[in-house]
Amino acid sequence: MPEKPAITSSELGILWLTYQEKTMILRMLEYFIEKADDDKAKKIMDDLYSELDNYVDKITDIFKSEGAAIPIGYTSKDVNKDVPKLYDNGFDIMFVRLLKEISMGLHTLNINMAYREDIVLILKDLTAITQATYNSCTQYLIEKGLIARSPYVSMPDSVEFVKDKSYLAGLNPLTKIGKKRTLNTIEVAYIYHGIEANVMGLQMITGFAQCANSSEVQKFFSKGAELSKSVIKEMSETFLEDGIQIPATSGGHATRSTVAPFSDKLMMYCTSLFCSFSMGGNAVGSAFSLRNDLVAKMTIFTKDIFEYAHEGAKIMIKNEWMEEPPQMEERKDIIKKS
């Protein structure tokens, strides 16, 4: 009996996906660490870099032991640390916080598809690292006044049950806006999170648009910025209808630099990752929203983001930037050759 069973197709897939994401994050951290002007922020990123680098090595060792090709992922060719700052005023930690939010979701999904104990332990460790870093980033940003908390609400003094189907209403064009019920706190949570994430994404993609080397990629990023603006506007209007405070931050803006710290390939992959995260967030938000108009809005957002992400995939394929995940055997071709 072998000491360890061979890895499954699912495990190969999730390790490959983790390798892509972590090597991208390492390259971006290299730049942000180089440009950090705050010791506490630099330490958060330094610590994360050391831990992630160690786990990329562990994943590489598994690929080697299984006789699998080592993915290319993202290398020193995809980052240039010797360029001016593309972002300022706390963007680095705001960005790392959102990356860790994406990582939390990925690790939670991936651990459900792993069977071998060493792989499960890697994902458990990465989850712990991700949660700790996310909390460090959040507390840092609150301390610096760079992010706002979601709106406060009066505490309920009794338990209520939904008594009428009108609780679900919101799409009837004959219904006046004032007759829609007030948002509940679960809906506020998902809408607030969506606005916060899109504000961060808008700042990120604005910087990408400024420095992209390809005019086609530049136009793609500019289109993404407009998409983020439209989502922020729609979600903010939903809040304003109920007199709810809209998230605002004074931090994390793009500078005037037009020199790229990252390759177009890396920036496209990063944007693709954010699109996937956004579609997933909208899906969860729709599942827990009980007002029909909110579900309809989130469905439209998801459609628009999917179409945008699909356009980005075509650009990546055209430029040979999309690394192909390991494939299952082509049984029909094997049979023909036999």
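How many cavities of 30 Å³ or more does the structure hold? In this predicted model, the count comes to three. The biggest of them has a volume of about 190 Å³. Its lining takes in 16 residues, and those nearest the centre are Met94, Arg97, Ile147, Glu196 and Met200. Helices α3 and α5 each put at least two residues into the lining of this largest cavity, with α5 supplying the largest share, six residues. Sorted by class, that lining has 11 nonpolar, two polar and three charged residues.

The second largest cavity holds about 50 Å³ of space. Around this second cavity sit Ile191, Met235, Thr238, Leu294, Lys297, Met298 and Phe301. Helices α6 and α8 each give at least two residues to its lining, and α8 gives the most, with four. The split here is five nonpolar, one polar and one charged.

Helix α8 is worth a look in its own right. It runs over residues 292-318, and its 27 residues should span 39 Å at 1.5 Å a residue; the end C-alpha atoms are 39 Å apart, which agrees. Along α8, the buried residues are Asp293, Leu294, Met298, Phe301, Ile305, Tyr308, Gly312, Ala313, Ile315 and Met316. Their cover includes α5 (185-211), α6 (215-241) and α7 (264-288). Leu294, Met298 and Phe301, buried in α8, also turn up in the lining of the second largest cavity.

On to the pockets. The largest pocket contains about 1,200 Å³ of space. It is lined by 50 residues, and the closest to its centre are Leu273, Phe274, Ser276, Phe277 and Ser278. Two or more lining residues come from each of α1 (9-35), α3, α5, α6, α7 and α8. Helix α7 gives the most, with 15 residues. By class, the lining of the largest pocket comprises 30 nonpolar, 17 polar and three charged residues.

The second largest pocket comes in at about 300 Å³. Its walls are made by Val153, Ser154, Pro156, Glu160, Phe161, Val162, Tyr167, Asn184, Thr185, Ile186, Phe288 and Leu290. Eight of these residues are nonpolar, three are polar and one is charged.

A few loop residues also stand out. Most residues other than glycine have a negative phi. Asparagine 89, though not a glycine, has a positive phi of about 60°. This asparagine sits in the loop between β1 (87-88) and α3 (91-111), and counts as partly exposed because its relative accessibility is 31%. Glutamate 320 also takes a positive phi of about 60°, just after α8. The loop that holds glutamate 320 runs between α8 and α9 (331-337). Glutamate 320 has a relative accessible area of 73%, so it is exposed.

Threonine 255 belongs to the loop between β2 (253-254) and α7. With 19% relative accessibility, it falls under the 20% cut-off and therefore counts as buried. A polar atom of the threonine 255 side chain lies 3.2 Å from the backbone nitrogen of serine 257. Leaving aside residues up to four places away in sequence, threonine 255 touches Lys85, Leu86, Tyr87, Asp88 and Gln210.

Terms used. Residues numbered from 1 in each chain as written. Predicted model: local features only at pLDDT ≥ 70, side-chain atom pairs only at ≥ 80, totals over all residues. Heavy atoms only, no water. Expected span 1.5 Å × (residues − 1). Buried < 20%, exposed > 50% of the residue type's maximum accessible area, 1.4 Å probe, protein only. Contact = heavy atoms within 4.5 Å. Polar contact = N/O pair within 3.5 Å; in protein donor to acceptor, adjacent residues only side chain to side chain. 1 Å grid on protein atoms, 1.4 Å probe; cavity = no way out; pocket = protein on both sides within 12 Å on 5 of 7 lines; lining within 4 Å. Points joined across faces, edges and corners; volume = space filled by probe spheres on them. Nonpolar A, V, L, I, M, F, W, Y, C, P; charged D, E, K, R; others polar.
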